[in-house]
Amino acid sequence: MKRLATATVAAVMAAAPVMADLVFPSLSYRTGAYAANGIPFADGYADYFTLLNERDGGIGGVMTRLLECETGYNTEKGVECYEATKGEGSLVYQPLSTGITYQLIPKATADGIPMHTMGYGRTSAANGKVFSNVFNYPANYWNGASLVVNHLLDINGGDIKGKTLALVYHNSAYGKEPIPTLEALAAKHGFNLSLLAVDHPGQEQKSQWLQIRRERPDYVTMWGWGVMNQVAIQEAANIRFPMENFIGVWWSGSENDVLPAGDAADGYKHITFHNLGDDYPIFDDVAKYVVDAGKAAGAGDQVGTVLYNRGFYAAMLAAEAVRKAQEIHGVADITPAMMRDGMEALEITEARMTELGMPGFGPSFAVSCENHGGPGTGAVAQWDASAKKWSLISDFSSPDMSVIQPLIDADSAAFAAENNITGGCN
Amino acid sequence: MFPDQFLFGVEVLLNGLMAGVLYALVALGFVLIFKASGIFNYAQGVMALFAALTLVGIMDGQVPFSHLINALFGTDVHHFGWHVPAFAAILLAMAVMVGLAWMVQHFIFRHLVGQEPIILFMATIGLAYFMEGFGDMMWGSDIKKLDVGIPQGGSFWIEEATAFLGGSNFYGFFIDQLDIVAAVVAVVLVILLVSFAQYTKQGRAMRAVADDHQAALSVGISLSFIWVLVWSLAGFVALVAGIMWGAKSGVQFSLSLIALKALPVLMLGGFTSIPGAIVGGLIVGVGEKLFEFLIGAPFLGGATENWFAYMLALVFLVFRPQGLFGEKIIERV
Amino acid sequence: MLYRESGDFSETYKADSQTFPIKFDRYRYYAVLAFAFLVIPFVINDYWANAVLVPFLIYAIAAIGLNILVGYCGQVSLGTGGFMAVGAYACYKLMTSFPEVSIMIHVVISGGITAAVVTIFGLPSLRIKGFYLAVATLAAQFFLVWLFNRVAWFYNYSASGQINAPDRTVFGHLVTGPNTEAWAKYMICLVFLTVAGILARNMTRGALGRKWSAIRDMDIAAEIIGVNPLTAKLSAFAISGFFIGISGALFFSVYLGAAEVGEVFGIQKSFLVLFMIIIGGLGSIFGSFAGAAFMVLLPVLLKNVLVGGLGWDTALAAHLEFVIVGALIIVFLIAEPHGLAQLWRVAKEKLRLWPFPH
């Protein structure tokens with residue numbers, strides 16, 4: 001058994017082609033409890049690179065190669081995937097799981113490979129002085145928490161004193177992330193925060209929603225993932241909580257989450273850091289070069305969904321960072337270390353996004369060593385159940401960095417002290 | 001006029017009863033199989049998922065194994081393009097579950113007759129793995145909306161009828177219509193199962209097998225047939241549970257995890273008693289909801305339901321090791 | 001011919017009652033140890049260490065622990081994940097509170113703490129039996145996970161509740177943290193596993209092990225012949241807990257380096273370790289190794305064959321992996337309900353007579 005395994009693994013490793021290409025590992029999950037969320041993201045991530053290969057012949061003349069590895073949202077499989085792919089010259093890791101992210105931050109840093117945790121992972125990684133190889137631009141959880149509160153300020157004319165905001169959160173590292181920020185914001189703006197934990201998987205939330213029904217908070221926000229989202233939206237509808245007062249973070253706002261509740265989900269909101277829908281010139285290219293050519297990842301039916309767009313956007317940012325790295329180092333076939341430099345020097349402008357066929361898809365921003373977290377801007381999207389469509393109901397606006405920055409500094413300082421990192425920028 | 005806190009407590013209690021019914025629906029399937037064959041069927045949760053997936057797949061006219069077919073032959077098929085009405089789809093899904101029961105008996109448990117309980121348990125875990133992968137491969141792992149016309153949302157009628165009980169902060173009792181439907185279905189199901197076991201020939205044979213395999217065999221009952229029958233019944237219960245839970249949250253992988261909710265129910269009610277499953281379900285439902293309401297959420301930071309159900313069952317078992325309605329354990333040397 | 005005991009004479013009682021009385025077994029055992037200690041560390045790379053060998057070694061420790069409880073003493077437990085979490089969090093608290101003490105000592109103390117906790121949760125076993133007990137241990141599983149998630153003291157009040165293993169060294173070599181060499185990780189786990197294996201092997205064939213077996217076979221009968229069920233059952237829980245705690249501590253500190261209790265030490269872990277010992281063979285130390293190897297290697301192997309070898313897309317491969325693992329479990333149980341260890345015993349019987357079976 002063991003010998004057979006050795007032989008096979010050795011054969012597999014030997015069989016991998018050695019040629020100049022840009023390797024993007026995709027630690028995806030198309031099975032398990034979170035598959036419904038993992039599939040569209042992975043499809044979007046894959047399709048963008050396929051598009052680059054098919055249409056442009058790669059990036060800067062070098063073909064891209066996607067290494068997909070199934071993690072099932074499982075930390076151990078994540079480690080296995082990381083070890084299996086890192087030797088192939090992987091440029092950047094995007095595990096789409098807070099657990100795996102925490103796992104890989106020290107490992108990837110030690111191996112000199114950058115990570116991009118877009119809108120998830122360890123928030124204080126925004127401090128590039130401490131987390132040299134981890135990037136979480138353009139927005140993170142704490143930005144998300146602040147954006148939720150900003151939206152409440154907006155619709156209340158700037159005063160939410162005495163109002164109550166309930167946070168329904170996945171009882172895990174991911175769900176607990178926004179609590180310190182929300183607490184700080186509650187102190188600043190004088191609203192009350194009530195916390196409701198939901199255990200994995202979140203199939204049964206009657207207690208939490210009965211509590212909400214009793215306490216009648218003015219607003220509910222949610223940090224959920226997987227089935228928890230669908231059940232929460234359904235339960236909110238059941239107790240006739242006004243949907244427009246229910247605002248999820250970006251991970252609680254995909255079509256998957258609202259569709260099962262049908263019409264009852266009408267008016268549900270979520271915060272997003274990139275634009276939605278499929279009304280962009282680049283999607284014509286996707287249809288032409290990828291979907292119609294039969295090269296789409298997965299079933300090819302996810303184009304334009306929220307999580308597909310997010311995966312697509314993540315891939316776009318990675319590809320742009322590659323271009324930047326190629327420009328800085330003057331080499332087409334870059335290494336992970338060069339990729340890191342490219343990510344740190346990344347600059348996304350509106351002009352560039354228009355050129356790519358994605359005008360207004362995300363914010364314009366520039367990454368620096370001090371700030372790996374981007375601008376943290378976001379907009380509010382609202383679900384229209386009859387049209388089965390999300391639409392933005394606000395402009396992209398900035399979070400309250402005066403609250404978030406001290407938290408980032410404190411948390412990253414604690415990490416630096418724990419791990420003896422001196423850090424700094426040169 | 002009652003104090004609000006008391007009314008809220010009553011509301012929590014009512015909802016606990018309703019949740020308990022949903023747990024009991026899953027637990028019933030376990031009991032059926034354990035009673036007749038001594039198999040602790042870990043795959044019951046996955047069966048519920050599989051049944052619900054099959055139902056949705058049939059209703060939407062999905063092509064089974066489309067992903068595999070497309071990968072192997074380079075085709076691009078997904079849907080047959082028809083929609084089957086819910087009632088017909090339920091019958092078809094039931095037929096699939098009967099087929100599954102036959103296969104389970106024919107390919108697995110026929111070969112494991114007379115093995116120790118833990119080995120049989122292990123085999124059902126293997127079955128759970130198998131069906132998890134198989135179900136995903138057959139119908140895809142994206143989330144599906146299940147709509148068989150069950151109403152959802154709080155019942156206005158109950159809310160309005162009870163609102164006068166409390167002060168201005170009390171809006172009447174909240175009871176989900178889905179839960180009411182589930183409760184009715186569960187009652188009907190139990191009546192059906194019990195009368196089936198009591199008054200039909202197959203039912204009597206089933207009870208005979210549950211009593212003593214050897215004796216049942218010697219009076220000419222086909223064990224193999226009875227086991228297929230029992231697994232079919234469990235498949236039917238799984239389908240019902242899958243519909244109820246699937247209507248709540250959409251049909252997706254996490255549905256298989258409801259098995260974990262059923263285990264404390266089983267401990268409380270006893271592995272061998274159908275009424276035990278119902279009463280156990282109600283106790284667990286009420287217990288965990290009330291605990292969360294009174295102690296969990298205010299003092300312990302919430303999310304206590306998962307472990308409280310087990311703790312409750314554990315404490316209970318210390319005083320009554322065979323569960324509420326379980327057969328008395330008689331030990332002889 | 002290859003495997004025989006003729007010509008193997010014991011001249012002292014000591015020689016007769018040693019762990020491997022048959023010479024061939026003994027030499028094979030030495031050869032495996034020598035290979036594990038002297039060859040593998042020099043050829044191991046990151047992939048083999050992190051994806052295959054280190055998890056295998058750690059799971060083998062957990063499987064030995066659980067096998068003592070389930071296989072030898074007959075007390076079915078589904079709390080392994082929670083008990084491993086106790087080891088992991090104990091180790092984390094010790095590592096961060098007493099950084100000057102060696103990690104080896106921390107791991108052992110973590111085992112001790114886990115033993116104490118497991119013993120408490122073992123108390124109901126005096127009343128509850130069989131599957132009822134199995135489900136009752138789930139109470140421990142869910143409660144412990146909730147506790148470690150809930151009480152911030154356990155994770156030193158970090159914002160997200162994750163625990164991270166700081167760098168620690170043994171004899172000047174890093175064994176935890178991201179910069180650890182593959183061989184160092186491997187060696188520390190191997191040392192613990194070897195000690196655990198020797199301890200378990202000797203305990204299970206001594207007076208204690210016989211008491212456990214008596215309880216397993218029929219506890220009332222055992223009580224009548226003078227085995228105290230209280231001490232026998234609780235000692236099984238404690239010793240099992242000790243090994244499981246060590247494996248949990250290593251799992252967190254050496255293997256993963258960061259952990260979140262619900263995800264890493266959830267109910268799935270409990271089932272996984274139980275699979276290992278049932279597939280491997282209940283009541284067999286060798287079975288614990290075989291089962292751990294099977295359950296760790298098989299998914300990795302299948303993945304590499306299906307995705308790497310045949311180039312299937314990962315979703316299909318993952319689904320098929322489930323189907324194959326499930327089918328294999330069933331096929332194994334039908335072919336040999338007593339696990340891989342029994343297959344091994346049968347093979348030895350055959351080899352003893354080979355090539356003249358009559």
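## A guided look at strands, helices and contacts

Visitor: How many of the residues of strand β7 of chain A are buried?
Guide: Welcome! This is a predicted model, and strand β7 of chain A, residues 219-223, is a good place to begin. The strand is mostly covered, and the number buried out of its five residues is five.

Visitor: Which residues of β7(A) lie on each side?
Guide: In a regular strand, side chains alternate between the two faces of the sheet. Both faces of β7(A) are covered here, with every residue named on either side being buried. One side holds A:Tyr219, A:Thr221 and A:Trp223, and the other holds A:Val220 and A:Met222.

Visitor: Is the pairing of β5 of chain A with β7(A) parallel or antiparallel?
Guide: Strand β5 of chain A covers residues 164-170, and five bridges join it to β7(A). Within this pair, A:Leu165 stands opposite A:Tyr219. The two strands run parallel.

Visitor: Which residue of β8(A) is the bridge partner of A:Thr221?
Guide: Strand β8 of chain A spans residues 246-248 and is joined to β7(A) by three bridges, again with a parallel course. Look across from A:Thr221 into β8(A), and the partner you find is A:Ile247.

Visitor: What is the handedness of the crossover from β7(A) to β8(A)?
Guide: Leaving β7(A), the chain passes through helix α9 of chain A, residues 227-238, before reaching β8(A). That path makes a β-α-β crossover, and its hand is right-handed.

Visitor: Why do the buried residues of α11(A) line one face of the helix?
Guide: Helix α11 of chain A runs over residues 281-291, and its buried residues include A:Phe283, A:Val286 and A:Val290. Viewed down the helix axis, the buried residues of α11(A) keep within a limited arc, so they line one face. On the other side, A:Pro281 and A:Asp284 are exposed. The arc that holds the buried residues is 60°.

Visitor: Which helix do the buried residues of α11(A) pack against?
Guide: Follow the buried side, where A:Phe283, A:Val286 and A:Val290 are found. The packing partner of these buried residues, also in chain A, is α2.

Visitor: Which helix gives the largest share of the side of domain 1 of chain A that touches domain 2 of chain A?
Guide: Chain A is divided into domain 1 (17-139 + 277-375) and domain 2 (141-272), with 28 Å between their C-alpha centres. In the contact, 14 residues of domain 1 meet 16 residues of domain 2. On the domain 1 side, α2 (35-56), α4 (98-111) and α12 (306-329) of chain A each supply at least two residues. With three residues, the largest share comes from α4(A).

Visitor: How many charged residues are on the side of domain 1 of chain A that touches domain 2 of chain A?
Guide: Sorting this side by class gives eight nonpolar and six polar residues. The number of charged residues is zero, as there are no charged ones.

Visitor: Which helix gives the most to the side of chain B that touches chain A?
Guide: Here 35 residues of chain B are in contact with 35 residues of chain A. Helices α1 (4-37), α10 (223-249), α12 (274-300) and α13 (305-319) of chain B each supply at least two residues of the chain B side. That side divides into 11 nonpolar, 14 polar and 10 charged residues. The helix that gives the most, with five residues, is α1(B).

Visitor: How many nonpolar residues are on the side of chain B that touches chain C?
Guide: This contact takes 41 residues from chain B and 38 from chain C. The largest share of the chain B side, 14 residues, comes from α5(B). By class, this side has nine polar and three charged residues, and the nonpolar ones number 29.

Notes:
Residues are numbered from 1 along each chain as its sequence is written. Chains are lettered from A and ligands numbered from 1 in the order in which they are written. This is a predicted model: local features need pLDDT of at least 70, side-chain atom pairs count only at pLDDT 80 or more; totals for chains, interfaces and linings use all residues. Two residues are in contact if their C-beta atoms, placed from the backbone, lie within 7 Å. Helices (H or I, at least four residues) and strands (E, at least two) are DSSP runs, numbered from the N terminus. Ala, Val, Leu, Ile, Met, Phe, Trp, Tyr, Cys and Pro count as nonpolar, Asp, Glu, Lys and Arg as charged, and the others, Gly among them, as polar. Domain bounds come from an automatic or database domain assignment. A residue is buried if 20 or more other C-beta atoms lie within 10 Å of its own, exposed if 12 or fewer, and partly exposed in between; C-beta atoms are placed from the backbone. Two strands pair if DSSP finds at least two bridges between them. A crossover is right-handed if, with the strands pointing away from the viewer, the path from the first strand over the helix to the second runs clockwise. The arc is that of the directions from the helix axis to the C-beta atoms.
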